[in-house]
Amino acid sequence: MAEMKGIKLAALEDRKRTIVRVGKVRVGTGFTVIAGPCSVESEEQVLETARAVKAAGADMLRGGAFKPRTSPYSFQGLGFKGLKILEKAREETGLPIVTEVIDTRDVSWVSEYADVLQIGARNMQNFALLKEAGKSSKPVLLKRGMHSTIEEWLNCAEYILHEGNPNVILCERGIRTFETYTRNTLDLSAVCAAKELTHLPVIVDPTHGTGKVSLIPMMSLAAVACGSDGLIVEVHRNPAEALSDKEQALTPDVFSAMMERIRPLRRFMEGLK
Ligand code: PEP
Ligand code: MN
């Protein structure tokens, strides 16, 4: 049996695999696709994107209202206004909302708008934030820190579980290596490792994992092939005008074509089980 230091509640051992329920979506059964813009920029932008990703088969809508940016001069997100826009998109499309929370003081009120709270790579080891998220009734999408080992990542999931929140979705989003062609190095072996060590669902973010539109569709298929429980992907109606992460946003058309290629591979993978 595969084991890891400090991993108790998250350990697979002889437990059943966790299925995280988000409305009608069951993360951990089938293949869950979360898509939407990096940042919430305007109502039209989010609604248009939400309709497009839904039509292409996405299960949930992503969009950041609070953005952890490298520079304080970069767009920081619309905050409360952004959450209201996401709420409207959910009302119209029925897609549950995944949105990032970056401050412990925001967890409880953001939980009233979000269906899933995202904890980003930069905050993976923000233990105060993990504890707050662990007290929330909403599922938590925990991204792997860009400098973190699998052991550190799983221990962060353990923090959330330890506070009483059993609904954690792990997300591999690439780590920093010496490689510079890609934004990060997508570590798909971490998906398989996390699945042999824990009972939690694990999804892949090929968008931040590569930082390159040209590589995202193939890495998404690779995520299906390695047994990931889903994907989180950035989609923008006009990537050139995106206020964050423009070089890695798929257009709705490219996203839709990618979804068409995922379906047959999913069926093939199901047949191997
Ligand atoms: C994001 O999802 O837009 C994001 C900031 O991701 P990460 O925390 O993985 O960099
Ligand atoms: Mn982003």
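Rings of Phe, Tyr and Trp, the last represented by its six-membered ring, pair if their centres lie within 6.5 Å. In this predicted model, a search of the whole structure finds five aromatic pairs. One of them joins F66 and W109. Their centres are 6.0 Å apart, and the planes meet at 75°. The geometry is therefore edge-to-face, as planes over 60 degrees apart count as such. F66 lies in the loop between β4 (60-62) and α2 (80-93), whereas W109 belongs to helix α3 (residues 107-110). The two residues are 43 apart in sequence, so the pair ties together separate parts of the chain. Their exposure was also computed. F66 counts as buried, at 14% relative accessibility. W109 counts as partly exposed, at 27%. Both residues belong to one aromatic cluster, together with F80 and Y113.

A charge over a ring is found at Y181. There, K212 lies over the ring face, 4.0 Å from the ring centre.

The manganese ion (ligand 2) has protein donors from four residues: C38 (SG), H208 (NE2), E234 (OE) and D245 (OD). They lie 2.0 to 2.4 Å from the ion. Along the chain, the donors follow the spacing C-x169-H-x25-E-x10-D. C38 and H208 link distant parts of the chain, being 170 residues apart. C38 sits in the loop between β3 (32-36) and α1 (43-56). H208 sits in helix α7 (residues 206-210). Both donors are buried because their relative accessible areas, 5% for C38 and 8% for H208, fall under the 20% cut-off.

Ligand 1 is surrounded by residues that include three of these manganese donors, C38, H208 and E234. Also around ligand 1 are R62, K67, E100, Q118, G120, A121, R122, K143 and R173. Polar contacts to oxygen atoms of ligand 1 come from several side chains, among them R62, Q118 and H208. For R62, an N or O atom of the side chain is 2.8 Å from a ligand oxygen. For Q118, the distance from a polar side-chain atom is 2.9 Å. For H208, the corresponding distance is 3.3 Å. Taken alone, ligand 1 exposes 290 Å², of which the protein buries 97%. H208 thus appears in both settings: as a manganese donor through NE2, and in a polar contact with ligand 1.

Notes. Residues are numbered from 1 along each chain as its sequence is written. Chains are lettered from A and ligands numbered from 1 in the order in which they are written. This is a predicted model: local features need pLDDT of at least 70, side-chain atom pairs count only at pLDDT 80 or more; totals for chains, interfaces and linings use all residues. Side-chain values use heavy atoms; hydrogens and water are left out. Donors are N, O and S atoms within 2.8 Å of the metal (3.2 Å for Na, K and Ca); water is not among the atoms, so sites may look incomplete. Helices (H or I, at least four residues) and strands (E, at least two) are DSSP runs, numbered from the N terminus. Buried means under 20% relative accessible area, exposed over 50%, partly exposed in between (1.4 Å probe, protein chains only). Rings of Phe, Tyr and Trp (its six-membered ring) pair if their centres lie within 6.5 Å; planes under 30 degrees apart count as stacked, over 60 as edge-to-face and the rest as tilted. A charge sits over a ring if NZ of Lys or CZ of Arg is within 6 Å of the ring centre and within 35 degrees of the ring normal. A residue is near a molecule or strand if one of its heavy atoms lies within 4 Å of it. A polar contact is a pair of N or O atoms within 3.5 Å; within protein, one must be able to donate a hydrogen and the other to accept it, and residues adjacent in sequence count only if both atoms are side-chain atoms. Accessible areas come from the Shrake-Rupley method with a 1.4 Å probe; for residues, only the protein chains shown count as cover.
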